[in-house]
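User: Please take a close look at one chain of this model, working from its overall make-up down to the packing of its helices. After that, carry the description across to the partner chain, and keep the confidence of the prediction in view throughout.

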Amino acid sequence: MSKVEGGKVSGRQLMAVLVLSRVVPITVAFPMITELQVPQDAWIASLLGTLLSVPFVLLVVRLGLKFPDKTIIEYSELLLGKYLGKLVGLILVWYWISVVADVARELGEAYTIAIMPETPILVFMTVTAFLAANAARNGLEVVGRMGENGVWVVLFFLIVMFVLPYDEMRFRNLAPVLARGVRPLAAPTGTVVSFFLQFIVLGMVLPYLNRPKDAARYSVYAVLASGILMTWLTVVLVAVFGPTVSHLAMPAFSLSRMISIADFLERIEAITMGAWTLSSEIKLALFLWASAVGLAQVFGVSRFQPLVYPLGAIAVSFGILFFESTLDLQRFLQFKNFGLYSLMVTLGTMGVLYLAALLRGRLPVGPGVRR
Amino acid sequence: MLGKRALRAAVLPLIATIMATATGCWSRREIETIGFVLAAGVDEAQEEGKIQLTVLIAKPFAIGAGMGTHGTTEEKPFWVVSSTGYTVFEAVRNLLSQSPRRPFWAHNRFVVVGEEFARKGIGDVLDWFDRNGEPRRRAWIVAAKGAKASDLLQTEFELERMPPEGAMGLLKAARTGLSTVGEDMLNDFLQRLEGEGIDPIATRAEIIPRPQEFDIRGELKREKVGGSLRLTGAAVFRDDRLVGWLNKPETRGFNWITGKVRSGIIVIEKPGEEGKFIGLEILRGKSAFKPEVKDGRVTVTVKVEAEANVGDVQGFTDFIKSPELWASMERRMATVIENEVQAAVAKAQEFGSDIFGFGAELNRREPKKWADEFRDRWDEEFRDIDVQVEVKARLRKSGLVLRSTRIKK
């Protein structure tokens, strides 16, 4: 079987890119926060969502490891047959493209809301998508290395953001705990999970791991690490903004605007923008790569590189066309829209694939299939 | 092949040159084209339904001017200008018809509201300050007692060229040295507006009119100086409407309850000697309050622990020889603190405004009872809750002398 992608990544690189992908929906818009009815319980939703996401990720890894050399696109064809398999492949590619579209749009919106309202949003979207496409064209290794290096920078920015507004934090804002029970936490928890479900992209990366044994460990680490970052951010946000936290269009950005150390170290919202830009860029690169490779494999094309730029262009246009306004985007990111969409696509495909694997009992024999 | 390489060799430097030179962008702002807003005020405009926005803009070219050898201070380093509009944003934009430099809000430190305007509710005008990307939630909310915000912004300080800097200095000094100002940044104010069982508070400021004939060397020489400014306590809001004022002792009472007292002077009458006073300097204060529900009624216990040093003493006193004096001074100090606390509570209850957050604390402690019994009728309940004050007052040091100078008779 021809190899569309020839690169290799390490477990740590995988972890880095996954964490960065999950950091995007907490540093730009933070859909879970937007949906809160009881802000002081946000951290519970965050933790709960993280823990609920672990089994899903393990499921993706487990199925993937049964086909050590195959991407999720390839083994879905093995499991479901040619036509159904390709259909599932196309659905996944569509899902990744839609993730690229909304990340690009989110980033553009963030720039235009925060600093440059007069600049056309298309400028930011095109530039970021172009850069990401460049990285994606160079293959998974490049994306992995970008992630491995970028994650430290983003982590540094995040920690600055989490610690420096200390004089504005009022931890009594976190009480009372669960005053209105767990019901109001359902939607926020669902949202947290729905963004973790984007980790289905693991299905594309697994065969290129240099040590497949690492897969489960590092994927779970990635979930837990990003879950901890998210929970930490949630706690800080609620401590600083109290009941007004769910008004904020970009909570992390507003948080960095509150930083003022000795009237000297202030106006450092650039660090949040740095975190957005880097993490979004790497996320865009990862998902563009996944969709390009996926599409190449669905149609049996031998090279994915020529697909990257067109897919990037399509994603940017989708980003423009899908959403009429910022509010439309924010509404889309909520549980009843993106959440359900994400659940349906990812749990649906994984469910079907797993069921097929079970029904076939002994998994089909083919090159690279471990019995 | 050669052609391609040559093309590449030609194109790369070209791109590099373009990128290096054409660094302009859509949303650029040159520093010469913007004016830094340092304080803003909101009043009612003369036209029905409009608001008047007054801003204080720094004049950077005048800041250095007075610092030369001549020492003239005739040019103000700031400019106060007003505009009107139905909304704050309209008024902000209308400033452009008078200001050649675009007002830039990222450095705004104060949002001042005039008393008359504040009594009608300020919630609507705060929206822009929260929504727009330039101003920050770190601006202090100040209410001008008996004045319009536009007049308050005309006041100046002798020791600071830039009035908002002076006001910042006052605020800091009063917080750390007197503990007699109420303070809410926009961030806290908005949280108190939205939070259950808590109401907002703001800094109370008054204008000290300047006597016209008073003119000694070193004073500002300008023809028209708008008087100076004094911070005199706290403005109490119910929801977003200004409902009353706390004076300085009441404000310190408020700060005792909320744990914001850092320092300040407590004056007590000297035990056993009428007409003589002792000044005590507060070193630190610690406090906690705890609302409890007993038989459907709310009782709040406020516990204050305060430490003080003796600052000055009137009349002959020998602390070494009279230990009982020390103890009775501590008792008097405790009484003063208790009175301040009770005064603050009485005022707040009179206004029906839970500035202390007793309700919010009750919600934190007993969320069920709060939701079932009190949330909806907290306004009335708050007016007659019983507040118990327990003060532990400690005197630590008597300064560099143990007994005061005895004046020979």
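Analyst: A residue is counted as buried here if 20 or more other C-beta atoms lie within 10 Å of its own, as exposed if there are 12 or fewer, and as partly exposed in between, with the C-beta atoms placed from the backbone. By that criterion, 38% of the 409 residues in chain B are buried. The model is a predicted one, with an ipTM of 0.84 and a pTM of 0.87. For chain B the mean pLDDT is 87, and 90% of the residues score at least 70.

Chain B contains 13 helices and 13 strands. If one considers the contacts within chain B between residues at least 6 apart in sequence, 73% of them join residues at least 24 apart.

The domain assignment of chain B separates domain 1, made of residues 31-213 and 222-246, from domain 2, which covers residues 248-409. The centres of the two domains, taken over C-alpha atoms, are 31 Å apart, and their contact draws 23 residues from domain 1 and 27 residues from domain 2. On the domain 1 side, the elements that give two or more residues are helix α7 (163-178) and the strands β8 (228-238) and β9 (241-246) of chain B. Strand β8(B) supplies the largest share of that side, with 6 residues. By class, the same side has 9 nonpolar, 10 polar and 4 charged residues.

Two helix pairs show how chain B packs locally. In the first, α9 (residues 248-258) and α10 (residues 323-351) of chain B meet at an angle of about 95°, with their axes 7 Å apart, and the two helices are therefore roughly perpendicular to each other. From α9(B), the residues that take part are Pro249(B), Glu250(B), Arg252(B), Gly253(B), Phe254(B), Trp256(B) and Ile257(B), which face Ile337(B), Glu340(B), Val341(B), Ala343(B), Ala344(B) and Lys347(B) of α10(B). Sorted by class, this contact comprises 8 nonpolar, 1 polar and 4 charged residues.

In the second pair, α11(B) packs against α12(B) (residues 367-374) at an angle of about 125°, with their axes 5 Å apart. Angles of 65 to 115 degrees count as roughly perpendicular and those over 145 as roughly antiparallel, so α11(B) and α12(B) are oblique to each other. Gly359(B), Leu362(B) and Asn363(B) of α11(B) make this contact with Pro367(B), Trp370(B) and Phe374(B) of α12(B), and by class there are 4 nonpolar residues, 2 polar ones and no charged ones.

The contact between the chains takes 16 residues from chain B and 19 residues from chain A. On the chain B side, α8 (186-194) and α11 (358-365) are the elements that give two or more residues, and α8(B) provides the largest share, 4 residues. That side divides into 5 nonpolar, 6 polar and 5 charged residues.

Turning to the partner, chain A has a mean pLDDT of 89, and 96% of its residues reach 70 or more. Among its elements, confidence is lowest in strand β2 (residues 265-266), at a mean of 75, and highest in helix α10 (residues 214-241), at 94. Over residues 365-371 of chain A the pLDDT stays under 50, and for this stretch the model has 11 contacts beyond four places in sequence.

Within chain A, helix α15 (residues 335-359) has a set of buried residues that includes Phe335(A), Phe338(A), Val345(A), Leu353(A) and Ala357(A). The buried residues of α15(A) pack against α3, α4 (72-80), α5 (82-114), α8 (186-196) and α14 (326-332) of chain A. One of these partners, α3(A), spans residues 42-66 and holds Ala42(A), a residue that is buried because 27 other C-beta atoms lie within 10 Å. Beyond its neighbours within four places in sequence, Ala42(A) is in contact with Ile33(A), Leu36(A), Pro188(A), Thr234(A) and Val238(A). From C-alpha to C-alpha, Ala42(A) and Val177(A) are 9.8 Å apart in space, although 135 residues separate them in sequence.

Technical notes:
Residues numbered from 1 in each chain as written. Chains lettered and ligands numbered in written order. Predicted model: local features only at pLDDT ≥ 70, side-chain atom pairs only at ≥ 80, totals over all residues. Contact = placed C-beta atoms within 7 Å. Nonpolar A, V, L, I, M, F, W, Y, C, P; charged D, E, K, R; others polar. pLDDT = per-residue confidence, 0-100. Domains from an automatic or database assignment. Axes fitted to C-alpha atoms, helices over the stretch in contact; angles between N-to-C directions. Parallel < 35°, antiparallel > 145°, perpendicular 65-115°, else oblique.
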